[in-house]
Amino acid sequence: MLFLIGFGFTVTGGVMLILYMNLVPAGLGWTSYWKFVLTQTECQLFFVGILLMIPGYYRLLKRIK
């Protein structure tokens, strides 16, 4: 269950990261892009999702064995 919640957060955050990449051709540099992205809550879900998926993955491996 933890893995699936993390996966959902990662997908949501990843979509927002890709969506905000449209700011780069509009004149925003990569450094400014990452500064902006790290302040957005919906983009932070990507990193939270990764952190939730790691222990969830190891729990799944223990169940399989």
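The axes of helix H1, residues 2-20, and helix H3 come within 6 Å and cross at roughly 150°. The axes here are lines fitted to C-alpha atoms, for helices over the stretch in contact, and angles run from 0 to 180 degrees between N-to-C directions. That makes H1 roughly antiparallel to H3; the word covers angles over 145 degrees, while under 35 is roughly parallel, 65 to 115 roughly perpendicular, and the rest oblique. H1 passes H3 in a left-handed crossing, meaning that the near helix is turned anticlockwise from the far one by less than a right angle. Helices are DSSP runs of H or I with at least four residues, numbered from the N terminus.

Before I go on, this is a predicted model, where local features need pLDDT of at least 70 and side-chain atom pairs count only at pLDDT 80 or more, while totals for chains, interfaces and linings use all residues. Residues are numbered from 1 along each chain as its sequence is written, and side-chain values use heavy atoms, with hydrogens and water left out.

Now some residues of H1. Is Gly 13, in helix H1, buried or exposed? Gly 13 counts as buried, because its relative accessibility is 0%; buried means under 20% relative accessible area, exposed means over 50%, and partly exposed is in between, with a 1.4 Å probe and protein chains only. Gly 13 and Gln 44 sit 6.5 Å apart in space, C-alpha to C-alpha, with their positions 31 residues apart in sequence.

Phe 9 is also placed in H1, and at a relative accessible area of 30% it is partly exposed. From Phe 9 to Phe 47 is 8.3 Å, C-alpha to C-alpha, and 38 residues in sequence. Gly 8, another residue in H1, is partly exposed at 28%. Gly 8 and Leu 52 are 44 residues apart in sequence and 10 Å apart in space, C-alpha to C-alpha.

Over to H3, residues 41-64, where Tyr 57 is found. Tyr 57 is partly exposed, with a relative accessible area of 43%. Which residues join Tyr 57 in a nonpolar surface patch? They are Ile 50, Leu 51, Ile 54, Tyr 58, Leu 61 and Ile 64, and the patch is about 720 Å². Patch residues have over 30% relative accessible area and no salt bridge, and nonpolar side chains are joined within 5 Å. A salt bridge is a side-chain nitrogen of Lys or Arg within 4 Å of a carboxyl oxygen of Asp or Glu. Areas come from the Shrake-Rupley method with a 1.4 Å probe.

Key: Patches are made of residues with over 30% relative accessible area and no salt bridge: like charges are joined within 9 Å, nonpolar side chains (Val, Leu, Ile, Met, Phe, Trp, Tyr) within 5 Å. Helices (H or I, at least four residues) and strands (E, at least two) are DSSP runs, numbered from the N terminus.
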